[in-house]
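Biologist: I have a structure to read and many terms to justify. Shall we take them one at a time?

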Amino acid sequence: MKCYVISGRSGSGKSTMLRSLEDFGFNCVDNLPTSMLPSLVQHASNAVPIQHIAVCIDIRNSLPELEQFPSVYQQLKKQGIEISLIYMDALSAVLVKRFSDTRRRHPLDKTGMDLRQAMDEETKVLENIASMADLKIDSTNLSTHDLVLQTKERLVEKADPGISLLFRSFGFRYGVPVDADLVFDARCLPNPHWEEHLRPLTGRDQPVVEYLDSQPLVNEFFTDVSDFLQKWIPIFSAQHRVYFTVAIGCTGGKHRSVYLAERLGRAFNAQYPGLLVRHREPIKE
């Protein structure tokens, strides 16, 4: 039996993920009180056939319920339950816009806070849960389709018991991904943007690849990052990490970071079945 607990800040896409898991055959419960999680897991484990479940536990729970979540979750892990905590988030400015667009009220709105204050309080209350997450997902630039695809790739289709490795490129200009476990800064490398014939292209295009391949500093950077990951990813995996996201950033997220994410993906693909390479900023496919 698989059990996913979905949490995160309001507006980050938890409902979309829960609906996606339901479409993929999971039995889903929204806004489940923490105290009811053990009995639900036991029922699903004893069902014939065994049922996969997904639940959403977030700020709509009472504070006492949220405070007992860490102990309840760790106890289920100790019992050998295949349970994972997914924490969803996005940049605050994006969450504000989503609430404005949908005209929905924040769950803490009734306390008399304005939207920004409510979001800050929500962040504080969920801090302990966020720190326990097995997987963090940054939905800042994800469309509904993107989020459904990521749910399928990282949760539904994950069959290998080892670590699920994701390389993600991004542009520092647009902020650091909130779901990154490790961040590498490639802005120190030669920038194809300043080569006029390369500027319209991306790090996946052959002229850019050839340009960056020819730069000694780029190859040194790649070797250093690769050697670091070869040493440390197995250590994280040995500590029962299920998901691991490596983010590589450059200024705009178009050339250097894309090139390095693709190159690292090829280098590690044989070792980590199901490895994913994704590019946060829109690039030519």
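**Asking for reasons**

Modeller: Start with one pair: Asp89 has Asp138 in β5 as its bridge partner. Keep in mind that this model is predicted.

Biologist: What makes β4 and β5 a pair of strands?

Modeller: The cut-off is at least two bridges between the strands. Four bridges join β4 to β5, residues 135-138. Four meets the cut-off, so the two strands pair. They run parallel.

Biologist: Which strand pairs with β4 over seven bridges?

Modeller: That is β1, residues 2-8, and the pairing is again in the parallel sense. One bridge sets Gly8 against Met88 in β4.

Biologist: Why is β4 called largely enclosed?

Modeller: Count its buried residues. Strand β4 covers residues 82-89, and seven of its eight residues are buried, so the rest of the structure largely encloses it.

Biologist: What holds paired strands together in general?

Modeller: Strands of a sheet pair through backbone hydrogen bonds, and they do so either parallel or antiparallel.

Biologist: Now a loop residue. Why is Asp58 called buried?

Modeller: Buried means under 20% relative accessible area. Asp58 has 2%, so it is buried. Asp58 lies in the loop between β3 and α3. Its contacts include Ser7, Gly8, Lys14 and Asn31.

Biologist: And Asn31, is that buried or exposed?

Modeller: Neither word fits. Asn31 has a relative accessible area of 30%. Buried stops under 20% and exposed starts over 50%, so Asn31 is partly exposed. Asn31 sits in the loop between β2 and α2. Its phi is positive, about 60°, although Asn31 is not a glycine.

Biologist: Then why does Asn46 count as exposed?

Modeller: Its relative accessibility is 56%. The cut-off for exposed is over 50%, so Asn46 passes. Asn46 is in helix α2, residues 37-46. Asn46 and Met1 are 45 residues apart in sequence, and their C-alpha atoms are 9.7 Å apart in space.

Biologist: Let's move to the sheet with β7. What is the order of its strands?

Modeller: The order is β7-β8-β6-β9. The sheet is open, has four strands and is paired in parallel.

Biologist: What makes β7 and β9 edge strands?

Modeller: Each pairs on one side only. β7 covers 182-185 and β9 covers 276-279. From one strand to the next, the twist averages 20°.

Biologist: How do you know that β7 pairs with β8?

Modeller: They share four bridges, and at least two are needed, so they pair. Asp185 has Gly249 in β8 as its bridge partner. Val183 stands opposite Ala247 in β8.

Biologist: Which residues of β7 make up its covered face?

Modeller: Leu182 and Phe184. Val183 and Asp185 make up the uncovered face. In a regular strand the side chains alternate between the two faces of the sheet.

Biologist: Which strands does α10 touch?

Modeller: Helix α10, residues 216-238, packs on the sheet and touches β6, β7 and β8. Its direction makes about 175° with that of β7. Angles run from 0 to 180 degrees between N-to-C directions, so α10 and β7 point in nearly opposite directions.

Biologist: How do you know that the span of α10 agrees with its residue count?

Modeller: At 1.5 Å a residue, its 23 residues should span 33 Å. The end C-alpha atoms are 34 Å apart, so the two agree. α10 does bend by about 30° at Gln230, and Pro234 follows within four residues.

Biologist: Which residues of α10 are buried?

Modeller: Among them are Val218, Phe221, Phe222 and Val225. The buried residues of α10 pack against β6, β7, α9, β8 and α11. An α-helix has 3.6 residues a turn, so residues three or four places apart point the same way.

Biologist: Last one. Why is Ser257 called buried?

Modeller: Its relative accessible area is 0%, and the cut-off is under 20%, so Ser257 is buried. Ser257 is in helix α11.

Biologist: What makes its link to Phe170 a polar contact?

Modeller: The side chain of Ser257 reaches the backbone oxygen of Phe170 at 3.4 Å. The limit is within 3.5 Å, so the distance qualifies. Ser257 also touches Ser169, Ile248, Gly249 and Cys250, among the residues listed for it.

Conventions:
Residues numbered from 1 in each chain as written. Predicted model: local features only at pLDDT ≥ 70, side-chain atom pairs only at ≥ 80, totals over all residues. Heavy atoms only, no water. Contact = heavy atoms within 4.5 Å. Expected span 1.5 Å × (residues − 1). Bend = angle between axes of the 7 residues up to and from the residue. Buried < 20%, exposed > 50% of the residue type's maximum accessible area, 1.4 Å probe, protein only. Polar contact = N/O pair within 3.5 Å; in protein donor to acceptor, adjacent residues only side chain to side chain.
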